[in-house]
Each structure stands twice: as structure tokens, then as C-alpha cells.
Amino acid sequence: RGFMLPQVYLRLRINRRWLRVIAALLVSQALFTAIHLPSWIANGQDMLAIAPRILALGIFFALFYLVTGNIFLSVGVHALGNRPTPL
């Protein structure tokens with residue numbers, strides 16, 4: 001995410017900055033979703049049921065990264081979502 005999103009943003013030829021950010025976000029997250037699908041399918045998940053959830057979570061974490069400017073915070077929140085730590 002920290003590499004793919006900026007690279008897609010730089011390669012897009014869209015004049016309006018906000019439109020380029022949205023397009024880069026959607027393209028990079030679609031690729032990110034495609035990367036995660038094999039592991040979900042291997043675990044017996046239905047690809048059509050899980051893909052929208054992965055895409056939405058990917059957009060959330062990418063926006064979190066864009067707002068904070070820190071990929072490590074996004075990774076940390078992602079890790080807590082995977083395996084919540086009891087307090």
C-alpha cells in the first residue's frame with residue numbers, strides 16, 4: 001500500500017488532483033484486493049462475498065495512510081484487526 005498507491009497516483013494522467021487521488025485509490029485497492037483473494041479462497045471463503053469487504057477495508061486503510069502519512073500506523077491498525085489484543 002505504501003508503494004502501490006503513490007506509484008499509481010504518479011502514473012495517472014488526470015489533471016484534477018482530487019480525481020487522481022480517488023482513481024489511484026480505487027485502482028491500487030482493486031489490485032490489493034486481487035492479491036488477497038487467493039488466501040481467502042484457500043480458506044474456503046466465497047470470492048464474490050469476500051471481495052467487497054476486502055476492497056472496503058483496503059480503502060479504509062489507504063485513507064488512514066493518506067490522512068496520517070504514516071504507513072506503520074496503518075499496518076498497526078490492520079494487525080489489531082487481524083488479531084485483537086486483549087487489554
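Let's start with a word we'll need: two residues are in contact when they have heavy atoms within 4.5 Å of each other. What you're looking at is a predicted model, where local features need pLDDT of at least 70 and side-chain atom pairs count only at pLDDT 80 or more, while totals for chains, interfaces and linings use all residues. Residues are numbered from 1 along each chain as its sequence is written, and side-chain values use heavy atoms, with hydrogens and water left out.

First, the overall layout. The chain has four helices and zero strands, so its elements run α-α-α-α from the N terminus on; helices (H or I, at least four residues) and strands (E, at least two) are DSSP runs, numbered from the N terminus. Along its principal axes, the C-alpha trace spans about 45 × 35 × 15 Å. As for pLDDT (the predictor's confidence in each residue, from 0 to 100), the chain averages 85, and 95% of the residues score at least 70. Among the elements, α1 has the highest mean, 90, and helix α4 (residues 71–82) the lowest, 85.

Now for the inside. Of the 87 residues, 24% are buried, where buried means under 20% relative accessible area, exposed over 50%, and partly exposed in between (1.4 Å probe, protein chains only). The largest nonpolar core has nine residues: Met4, Leu5, Val8, Tyr9, Ala24, Leu25, Phe32, Ala62 and Tyr65. A core here is a set of buried Ala, Val, Leu, Ile, Met, Phe, Trp, Tyr and Cys residues joined through side-chain atoms within 4.5 Å. Helices α1 (4–11), α2 (17–42) and α3 (47–68) each supply at least two of its residues, and α1 gives the largest share, four. In soluble globular proteins, nonpolar side chains tend to be buried together.

Pick out Ala24 from that core: not counting residues up to four places away in sequence, Ala24 touches Leu5, Val8, Tyr9 and Leu12.

Helix α2 also holds Gln29. Is Gln29 buried or exposed? Gln29 counts as buried because its relative accessible area is 2%. Leaving aside neighbours within four places in sequence, Gln29 is in contact with Arg1, Leu55, Gly58, Ile59 and Ala62.

Leu26 lies in helix α2 as well, but Leu26 counts as partly exposed, because its relative accessibility is 44%. Together with Trp18, Leu19 and Ile22, Leu26 makes a nonpolar surface patch of about 390 Å².

Key:
Patch = residues over 30% accessible without salt bridge, like charges linked within 9 Å, V, L, I, M, F, W, Y side chains within 5 Å. Areas by Shrake-Rupley, 256 points an atom, 1.4 Å probe, with all protein chains shown as cover. Salt bridge = Lys/Arg side-chain N within 4 Å of Asp/Glu carboxyl O.
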